[in-house]
Amino acid sequence: MIEVNNLSFEIDGKHILKDINLKINKGKIFGLIGPNGAGKTTLIRCLTGIYLPTIGDIKYDGNVVYDNPIVKSQIGFVADENTFFYNFKIKDVLKYYKYAYPSFDQVKFNKLNNVFKIPLTKLVFQLSKGMKMRLSIMLAFSIKSKYLILDEPTSGLDPILKNKLLNIFLNEVSENDTTIIISSHHLNELERICDEVAILEEGIVSYENSIDNMKNKIKKVQVAFDQPVYEEDLNLKGIFKISKVGRVFTIITDEFDDEFLESLKKFNPLFIEEVDLSLEDIFIYKVDKEENDEEIFK
């Protein structure tokens with residue numbers, strides 16, 4: 001289990017992360033999402049032990065990660081930008097990994113490279129952005145780590161390779177009980193593979209839930225009434241966005257259940273229609289608080 005306990009992080013007196021608490025169970029895929037500048041990469045650097053939290057700590061199976069080489073040896077890390085071993089040939093990078101990680105599995109690397117096809121005689125700086133990401137992913141997987149922490153791992157990959165990579169993530173969890181943390185802006189990909197997701201906003205975790213619970217509880221509901229009903233009348237638990245066009249209300253709630261429906265039915269609606277939301281829809285409704293986007297274009 002990974003535990004993030006009361007974590008805050010400051011740089012020059014500026015709060016980047018504020019009082020974050022997370023528990024990530026073994027063998028789960030956990031997604032970190034949020035707008036640019038929300039603190040995702042900073043949190044990942046704390047999770048990998050690169051940054052020392054200003055307050056709080058991060059523990060892997062009860063052991064603090066910062067300045068702990070034993071814990072770090074169990075973590076495979078893929079950064080969003082891969083600038084390591086710039087003038088090395090790929091085959092020389094492999095030699096380094098074999099020396100640095102006793103658990104490095106050359107056979108596993110070769111199997112992955114049958115999918116990703118990186119020429120071993122090339123220098124790292126000769127690789128495209130997507131090829132560098134592929135190399136970083138293969139190296140992280142080949143050290144047979146208990147934990148994989150990935151920052152935008154599908155960046156620069158074409159749709160076919162993305163699909164193959166997502167299947168590799170799922171196989172890694174099912175076969176080796178690996179715990180994976182992924183930060184990504186590609187929410188449709190996270191929706192497909194993640195067990196749980198946390199939304200970061202301005203350095204805090206504003207929402208956390210399992211994908212299944214989110215999709216069951218967060219709904220768009222369209223409802224129309226024959227009699228006059230106003231927004232202030234619909235002060236129901238869980239509503240965090242509401243709009244009206246004519247007699248039709250569009251409601252976004254994160255407390256959708258039988259009790260919520262019964263509360264609406266008290267107003268004698270003409271109809272009630274529930275609409276399932278994707279993870280991307282949920283993210284937009286949760287994070288985008290602006291109501292007057294059209295003003296930008298006037």
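Which element gives the most to the lining of the largest pocket? Keep that in mind as you set up the view.

**Before you start**

This is a predicted model, in which local features need pLDDT of at least 70 and side-chain atom pairs count only at pLDDT 80 or more, while totals for chains, interfaces and linings use all residues. Residues are numbered from 1 along each chain as its sequence is written, and side-chain values use heavy atoms, with hydrogens and water left out.

**Stop 1: the whole protein**

Show everything as a cartoon. You should find 10 helices and 14 strands. Helices (H or I, at least four residues) and strands (E, at least two) are DSSP runs, numbered from the N terminus. Along the principal axes, the C-alpha atoms fill a box of roughly 75 × 45 × 40 Å. The protein has 298 residues, and 46% of them count as buried. Buried means under 20% relative accessible area, exposed means over 50%, and partly exposed lies in between (1.4 Å probe, protein chains only).

**Stop 2: the largest pocket**

Select I75, G76, F77, Y97 and Y101. Of the 21 residues that line the largest pocket, these are the closest to its centre. A pocket is found on a 1 Å grid over the protein atoms alone: it is an open set of points with protein on both sides within 12 Å along at least five of seven lines. A cavity is a set of points where a 1.4 Å probe fits but cannot get out. Lining residues have an atom within 4 Å of a point.

The space in this pocket is about 440 Å³. A volume is the space filled by probe spheres set on the points, with grid points joined across faces, edges and corners.

Now color β6 (75-78), α3 (90-100) and α5 (129-142). Each supplies at least two residues of the lining. Here is the answer to the opening question: β6 gives the most, with 4 residues. By class, the lining holds 14 nonpolar, 5 polar and 2 charged residues. Ala, Val, Leu, Ile, Met, Phe, Trp, Tyr, Cys and Pro count as nonpolar, Asp, Glu, Lys and Arg as charged, and the others, Gly among them, as polar.

**Stop 3: the second largest pocket**

Select K108, K111, L112, V115, F141, K164, I168, N171, E172, E175 and N176. They line the second largest pocket. Two elements give two or more residues to that lining: α4 (106-116) and α6 (159-176). The most come from α6, with 6 residues. The volume of this pocket is about 240 Å³. Its lining has 4 nonpolar, 2 polar and 5 charged residues.

**Stop 4: helix α6**

Stay with α6 and measure end to end. The end C-alpha atoms are 26 Å apart, which agrees with the 26 Å expected for 18 residues at 1.5 Å a residue. The expected span is 1.5 Å times one less than the number of residues.

Next, look down the axis. Where do the buried residues of α6 fall? They sit within an arc of 155°, so they line one face of the helix. The arc is that of the directions from the helix axis to the C-beta atoms. The buried residues are L161, K162, L165, L166, I168, F169, E172 and V173. Turn to the other side of α6, where P159, I160, S174 and E175 are exposed.

**Stop 5: the cavity**

How many cavities of 30 Å³ or more are there? The count comes to 1. About 40 Å³ of space lies in it. Select its lining: P153, T154, L166, F169, I182, S184, E189, L190 and I193. Both α6 and α7 (187-193) supply at least two of these residues, and α7 has the largest share, with 3. The lining divides into 6 nonpolar, 2 polar and 1 charged residues.

**Stop 6: helix α1**

Select residues 40-47. Helix α1 is largely enclosed by the rest of the structure, because 6 of its 8 residues are buried. Those six are K40, T42, L43, I44, C46 and L47. Just after α1, click on G49, which takes a positive phi of about 80°.

**Stop 7: cysteines**

Select C46 and C194. C46 counts as buried, at 1% relative accessibility. C194 is buried too, with a relative accessible area of 7%. A search of the whole structure finds 0 disulfides (pairs of cysteine sulfur atoms within 2.5 Å).

**Last stop: E201**

Select E201, in strand β9 (residues 196-201). E201 counts as buried, at 16% relative accessibility. Then add I33. E201 and I33 are 168 residues apart along the chain, and their C-alpha atoms are separated by 8.9 Å.
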